[in-house]
Amino acid sequence: MRKRDKKQLIRIIVSAVLLAIVWAIEHFSLIPTVLTIGGFDLQTLLFFLIPYFVIGYTVLWRAARNIVRGQIFDENFLMSIATIGAFITGEYAEAVFVMLFYSVGELFEHIAVGKSRKSIKSLLSIRVDSAFVENENGELEEKPCEEISVGDVICVKAGGKIPLDGVIIEGNTALNTVALTGESL
C-alpha cells in the first residue's frame, strides 16, 4: 500500500469514528441543542460537518479545481452535489456516509490499480530481448527479437524462456506459463 493510500485509510477510519460519535450524540440527544436559527438545528449541522470535511475535503477541492478548469461533470462534482444536497435536505448522516463510502471505493480502486501496475511490470521483466536463430548453415546465432522474421527457426534451450510465439517443429516440452495464465503447465 502506497503512502497516499495509507493516509486515505487513516482519514477514512478517523471520519468513520467521528461519524459514529456524532451520530450517537444526535441519535441519543447526548448534548442539548443550543444553536438554532429559525427552528434550524445549526449545532447538529456543525457536528456532522466535521467528519464530512475530514473525509471529503479532497473531493470538494478536486471538484472546485475541475470546475475552474472547465471540467464540470466528473465524479468529484457529482459526489459534491449529492452530499451537499443531502445536507440541504437535512440528511446529515447520509451525506457523510455517501462521502465515506465513495472514499472507500476510491481507496480500493487505487489499491487495485497499484497491484495491476506491479503485475504488468513483473510480466514485462520476464520478457526476452534476444533469441537463438538457426541460420542457413544450421548454426545458432543470437539475434534481437525485432530482427527475427516469420519462418525463422528458433532454438530454445532447456530452462530458457520462449522469446516469440511459434510452433514446436522438433522435440517436445512442457512450459511454465504461470506468469501469463496463472496455470503452471
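A residue is called buried here when its relative accessible area is under 20%, exposed when that value is over 50%, and partly exposed in between. With these words in hand, the reader can be led through the structure, which is a predicted model.

A good place to begin is Glu-106, which is found in helix H4, the helix made of residues 92-125. Because its relative accessibility is 9%, and the limit for a buried residue is 20%, Glu-106 counts as buried. If its neighbours within four places in sequence are left aside, Glu-106 is in contact with Val-59, Arg-62 and Asn-76. Arg-62 deserves a second look, for Glu-106 forms a salt bridge with Arg-62, in which the closest N and O atoms are 3.4 Å apart. Glu-106 lies in helix H4 and Arg-62 in helix H2, so the pair ties together parts of the chain that are 44 residues apart in sequence. In general, side chains of opposite charge can pair when their charged atoms come close. Both partners are buried, Arg-62 as well as Glu-106, and the count of salt bridges in the model comes to one.

Helix H4 also holds Tyr-102, which counts as buried because its relative accessibility is 16%. Leaving aside the neighbours of Tyr-102 within four places in sequence, the residues in contact with it are Val-59, Glu-75, Asn-76 and Met-79. Val-59 and Asn-76 therefore appear in the contact lists of Tyr-102 and of Glu-106, if residues within four places of each are set aside. A quite separate relation is that of Tyr-102 to Ile-169, which is 67 residues away along the chain, with 55 Å between the two C-alpha atoms.

From Arg-62 the path also leads to Asp-74, which lies in the loop between helix H2 (42-68) and helix H3 (75-88). Asp-74 counts as buried, because its relative accessibility is 15%. Asp-74 and Arg-62 are twelve residues apart along the chain, and their C-alpha atoms are separated by 9.6 Å.

The next stop is on the surface, where Met-1, Leu-9, Ile-13, Val-17 and Ile-21 form a nonpolar patch, with about 450 Å² of accessible area together. One of these residues, Ile-13, has its place in helix H1, which covers residues 3-27. At 47% relative accessibility, Ile-13 counts as partly exposed, because that value falls between the limits of 20% and 50%.

Further along the chain, attention turns to the largest pocket, which has a volume of about 1500 Å³. The lining of this pocket is made up of 41 residues, and those that lie nearest its centre are Val-156, Lys-161, Ile-162, Pro-163 and Leu-164. Strand E5 (154-155) and helix H5 (178-181) each supply at least two residues of that lining, and the largest share, three residues, comes from H5.

Between E5 and H5 runs a loop, and Ala-174 is found in it. Ala-174 is exposed, because its relative accessible area is 56% and the limit for an exposed residue is 50%. The C-alpha atom of Ala-174 is separated by 6.6 Å from that of Leu-185, although the two residues are eleven places apart along the chain.

Definitions and conventions:
Residues are numbered from 1 along each chain as its sequence is written. This is a predicted model: local features need pLDDT of at least 70, side-chain atom pairs count only at pLDDT 80 or more; totals for chains, interfaces and linings use all residues. Side-chain values use heavy atoms; hydrogens and water are left out. Helices (H or I, at least four residues) and strands (E, at least two) are DSSP runs, numbered from the N terminus. Buried means under 20% relative accessible area, exposed over 50%, partly exposed in between (1.4 Å probe, protein chains only). Contact means heavy atoms within 4.5 Å. Patches are made of residues with over 30% relative accessible area and no salt bridge: like charges are joined within 9 Å, nonpolar side chains (Val, Leu, Ile, Met, Phe, Trp, Tyr) within 5 Å. Accessible areas come from the Shrake-Rupley method with a 1.4 Å probe; for residues, only the protein chains shown count as cover. A salt bridge is a side-chain nitrogen of Lys or Arg within 4 Å of a carboxyl oxygen of Asp or Glu. On a 1 Å grid over the protein atoms alone, a cavity is a set of points where a 1.4 Å probe fits but cannot get out, and a pocket is an open set with protein on both sides within 12 Å along at least five of seven lines; lining residues have an atom within 4 Å of a point. Grid points are joined across faces, edges and corners, and a volume is the space filled by probe spheres set on the points.
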